[in-house]
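Have a look at the sequence and the 3D picture below, and keep both in view while you read. We'll go through them together, one piece at a time.

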Amino acid sequence: MSTLSRQKGQAIPPNTTPVTWPSFGTTMSEEDRIIVLAMDGSEYSEYAFQWYLNNMRRPVDHIVIVHCPEYHNIAYAQAPVMSDVSLITQMIHEEEGRAREMVDTFGQKLKDNGLRGKVRSIGGKPGEVICKVADEEKACMIITGTRGLGKVRRTFVGSISDYVLHHSHVPVIVCRHKDHHKHHGSHSGQ
């Protein structure tokens with residue numbers, strides 16, 4: 001099944017290779033919970049994964065890990081780089097390789113923890129992709145980490161967790177790392 005998507009207006013290079021991880025234990029019953037877990041390989045998404053294992057995990061869960069490769073780095077490369085087709089092609093192949101490695105890592109994480117589920121790696125704007133996958137998979141909830149951006153940076157850069165909170169059709173759990181306040185100050189004023 002191809003899960004790498006290309007949508008109008010998104011900075012996804014042509015001829016990208018779909019990246020998936022096989023599903024484990026995919027027999028579903030009516031009691032099963034489908035949970036979307038947004039992961040990018042950061043310590044924040046790892047914390048969200050561990051939080052799920054420690055606080056939410058049930059034997060009936062079917063986990064869908066969503067990963068969004070960062071093809072936007074290629075799209076925003078400087079003009080001299082963009083004129084070298086071989087360099088652009090190399091950058092695309094490198095990002096595809098990183099995406100495959102992440103998918104393998106996340107798939108192994110499911111397997112190592114005895115979880116039923118799959119990994120979907122889809123290019124696009126992460127917040128939009130996470131919400132779309134939750135709808136497609138008929139998820140009952142989304143779990144994500146947060147980088148804890150300050151108010152100014154969040155205003156200019158945007159926050160994936162904020163986007164998901166405001167656009168999801170299912171409940172969203174945003175896992176803020178327990179040490180977040182030590183590094184970024186108190187929650188008030190951010």
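What follows is a walk from the whole chain down to a few single residues.

Before anything else, keep in mind that this is a predicted model. The mean pLDDT of the protein chain is 77, with 65% of its residues at 70 or more. Two stretches call for caution. Over residues 1-20 the pLDDT stays under 50, and the model has 51 contacts beyond four places in sequence for that stretch. Residues 183-190 also stay under 50, with 15 such contacts in the model.

Now for the overall layout. The protein chain holds eight helices and six strands. Reading from the N terminus, their order is β-β-α-β-α-α-α-β-α-β-α-α-β-α. Of the 190 residues, 42% are buried. If you take the contacts with a separation of 6 or more, 76% of them join residues 24 or more positions apart.

What sits in the largest nonpolar core? This core has 18 residues, and Leu-37, Phe-49, Tyr-52, Ile-63, Ile-65, Leu-115 and Ile-143 have the most contacts inside it. At least two residues each come from β2 (33-38), α1, β3 (61-67), α4 (85-112) and β5 (141-145). Helix α1 gives the most, with four residues. Try finding Leu-37 in the picture: leaving aside its neighbours within four places in sequence, its contacts are Ala-48, Phe-49, Tyr-52, Ile-63, Val-64, Ile-65, Val-66 and Ile-143. Apart from this core there is another one, of 17 residues, including Ile-34, Val-129, Ile-130 and Ile-142.

Let's stay with α1 for a moment, since Ser-45 is placed in this helix, which covers residues 43-55. Is Ser-45 buried or exposed? Its relative accessibility is 4%, so it counts as buried. A polar atom of the Ser-45 side chain lies 3.3 Å from the backbone nitrogen of Gly-41. Once neighbours within four places in sequence are set aside, Ser-45 touches Ala-38, Met-39 and Asp-40.

Next, move to strand β3, where you'll find Asp-61. You might not expect it, but Asp-61 is buried, because its relative accessible area is just 2% and the cut-off for buried is under 20%. What does the side chain of Asp-61 make a polar contact with? The partner is the side chain of Arg-33, at 2.6 Å. Arg-33 is also among the contacts of Asp-61 beyond four places in sequence, together with Ile-35, Tyr-52, Met-56 and Arg-116. Asp-61 and Asp-32 are 29 residues apart along the chain, yet their C-alpha atoms are separated by 5.6 Å.

From β3 you can step across to β4, as these two strands pair in the parallel sense over six bridges. One spot to look for is His-62, which stands opposite Arg-116 in β4. Strand β4 runs over residues 116-121, and six of its six residues are buried. In a regular strand the side chains alternate between the two faces of the sheet. In β4, Arg-116, Lys-118 and Arg-120 point one way, while Gly-117, Val-119 and Ser-121 point the other way.

Ser-121, in strand β4, deserves a closer look. Its relative accessible area is 0%, so it is buried. The side chains of Ser-121 and His-67 are joined by a polar contact of 3.3 Å. Ser-121 is also 6.9 Å from Pro-69, C-alpha to C-alpha, although their positions lie 52 residues apart in sequence as a separation.

Now turn to helix α4. With 28 residues at 1.5 Å a residue, α4 should span 40 Å, and its end C-alpha atoms are indeed 40 Å apart, so the two values agree. Its buried residues are Ile-88, Ile-92, Glu-95, Glu-96, Ala-99, Val-103, Phe-106, Gly-107, Lys-109 and Leu-110. An α-helix has 3.6 residues a turn, so residues three or four places apart point the same way. After α4 comes Gly-114, which has a positive phi, near 65°.

Our last stop is Lys-138, in the loop between α5 (126-137) and β5. Most residues other than glycine have a negative phi. Lys-138 has a positive phi, near 60°, even though it is a residue other than glycine. Is Lys-138 buried or exposed? At 68% relative accessibility, it counts as exposed.

Terms used: Residues are numbered from 1 along each chain as its sequence is written. This is a predicted model: local features need pLDDT of at least 70, side-chain atom pairs count only at pLDDT 80 or more; totals for chains, interfaces and linings use all residues. Side-chain values use heavy atoms; hydrogens and water are left out. Buried means under 20% relative accessible area, exposed over 50%, partly exposed in between (1.4 Å probe, protein chains only). A polar contact is a pair of N or O atoms within 3.5 Å; within protein, one must be able to donate a hydrogen and the other to accept it, and residues adjacent in sequence count only if both atoms are side-chain atoms. Contact means heavy atoms within 4.5 Å. A nonpolar core is a set of buried Ala, Val, Leu, Ile, Met, Phe, Trp, Tyr and Cys residues joined through side-chain atoms within 4.5 Å. pLDDT is the predictor's confidence in each residue, from 0 to 100. Two strands pair if DSSP finds at least two bridges between them. The expected span of a helix is 1.5 Å times one less than its number of residues.
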